[in-house]
Amino acid sequence: MMRYLPALAAAVFAVAIWQLIVSLTDLPKFILPGPLLVAETWWKSRALIAEHTLITGIEVLIGLAVGAALGIVTAIQLATSRVARVLVQPMLVFTQALPVFALAPILTLWLGYGLWSKVAMAVLIIYFPVTSSFFDGLMRTPPGYLDLARTMQASPRAVLWHIRIPAALPNLASGLRLAAVYAPIGAVIGEWVGASKGLGYLMLLANGRAKTDLMFAAMLTLGVFSVLLHIAVRKATMRMAGEGG
Amino acid sequence: MADGDDPVTPAPEITFQGQATIGAAQLFAPLSLSLAAGQWTCLLGGSGVGKSTVLRLIAGLQTGAVFDGSITASDGGEVVPRVAYMAQDDLLLPWATVTQNVTLGARLRSEKPDQARLQRLLGRVRLTEHANKKPAELSGGQRQRVALARTLMEDKPVILLDEPFSALDAQTRADMQDLAVELLAGRTVLLVTHDPGEAARLGHSIVVMEQSGLTHCPPPQADVPRKVDDLDTLASQAALLRLLRGEAA
């Protein structure tokens, strides 16, 4: 319990500042609703928010799984093939130079307004961090391990499987942790561009109707969801990162 | 046999002849080094004289230098596949248990590790009760004993040791030296070291490597591993240090 105390204190502090600003400025509630109003709205609209959270959650989780799998496979391909490095690596960097926002409309055009254009956005946004961190790890195997494997007459495949991949798992873990933070952003961008469900859609809808309290409630829900997802991925990757266990 | 009852193929003598250059610069002048069959040869020298390069060339590892010469075995067989290697860094995989580290070679070649041999070796290096621990749970001396067991598990007739004991504290180092001599008996061993005391204790033959070439030094009389307080050994250690410092012996 004690270890959650600092987080709790920080949350209480943030809410207090928020309330202070609301009290001092006396802004109309469609500009800046107070924490109490947002909490009340959140509770009243909990069914609505839950429904949209579920949609965004599914998009994020599928995106995370697909993006991570693609990233892992790409990194291994890049690490084992010089041809792949020459042909694919520049493309990978170039796709990162494109703003994901600019790709969202075209993805919606191709994949429709449903789930898959948002999954694709999440995949796009996490593909690079996962690929790049895992690839870095695979290319930075301590040279001593490789020397040892060489004197043991190991095949490149065996070295990859028994040494390079396990040695790169901490890097993969940090890639996945980044991905857990980015994936919801990707899904929400997708929802903003064109959707009829999801927290991003709900935020946009509420904003358009000056229901700022609902907008805040949806936004905070998304924030809490992202933090929980990050914690879950962090815990799931602890062994991988060589922390404890 | 030294590590139990398994027969090692008779250890060959290894002959190293040649020179190495890095770019336009010469790393070492043409030299000729023989590793006597079944004996310890200590190659002693300061940093940067290329003694590790000699060892890595024999092991078939990358060196960054261009080698012009030959490395041959007295029985005419290939050298590289018959070599086991141990470095200053124990090179234990942190995610693998002691057992998994010791059997790494077999796993890398998709072979089934010889369980009886594994158990015997773990017993010899006194690590049986640590078999399922990860390297992080072991002391420096224990880790180096795991590395020694891993080297022996390979069951190769030629053993290349690149300063394997230099990171250990003095008493652990002396223990490891005794253990290594006992377990590696009958194999052709090259020990690269910068420690004159180590060379004087362990070398059946002692060779000092300098930029100018090799100097063969007479080893002390006693059997290896020589006692740490053996006067002849201490005198030899002093003579080697003088040689390294550029003083006349």
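In which sense do strands β1 and β2 of chain B pair, and over how many bridges? In this predicted model, β1 (residues 14-22) and β2 (residues 25-35) of chain B run antiparallel to each other, and eight bridges link them. If you'd like to pick out one of those links, look at Q17(B): its bridge partner in β2(B) is S32(B). The two strands form a hairpin with two residues between them. In that turn you'll find G23(B), which has a positive phi of about 60°. While you're looking at the strands, keep one rule of thumb in mind: side chains in a regular strand alternate between the two faces of the sheet.

Now stay in chain B and move along to L138(B). This residue sits in the loop between α4 (115-124) and α5 (140-153). L138(B) counts as partly exposed because it has 18 C-beta neighbours inside 10 Å, and a buried residue would need 20 or more. Setting aside neighbours within four places in sequence, the contacts of L138(B) are H130(B), K133(B), R143(B) and V146(B). As for V224(B), it lies 86 residues away along the chain, and its C-alpha atom is 28 Å from that of L138(B).

Over in chain A, let's check helix α10 (residues 212-236) with a bit of arithmetic. Its 25 residues, at 1.5 Å each, should span 36 Å, and the end C-alpha atoms are 36 Å apart, so the two values agree. Which residues of α10(A) are buried? Among them are D213(A), L214(A), F216(A), T221(A) and V233(A). What covers the buried residues of this helix includes α2 (35-44), α3 (46-80), α8 (156-193) and α9 (199-208) of chain A.

How values were computed:
Residues are numbered from 1 along each chain as its sequence is written. Chains are lettered from A and ligands numbered from 1 in the order in which they are written. This is a predicted model: local features need pLDDT of at least 70, side-chain atom pairs count only at pLDDT 80 or more; totals for chains, interfaces and linings use all residues. Helices (H or I, at least four residues) and strands (E, at least two) are DSSP runs, numbered from the N terminus. A residue is buried if 20 or more other C-beta atoms lie within 10 Å of its own, exposed if 12 or fewer, and partly exposed in between; C-beta atoms are placed from the backbone. Two residues are in contact if their C-beta atoms, placed from the backbone, lie within 7 Å. Two strands pair if DSSP finds at least two bridges between them. The expected span of a helix is 1.5 Å times one less than its number of residues.
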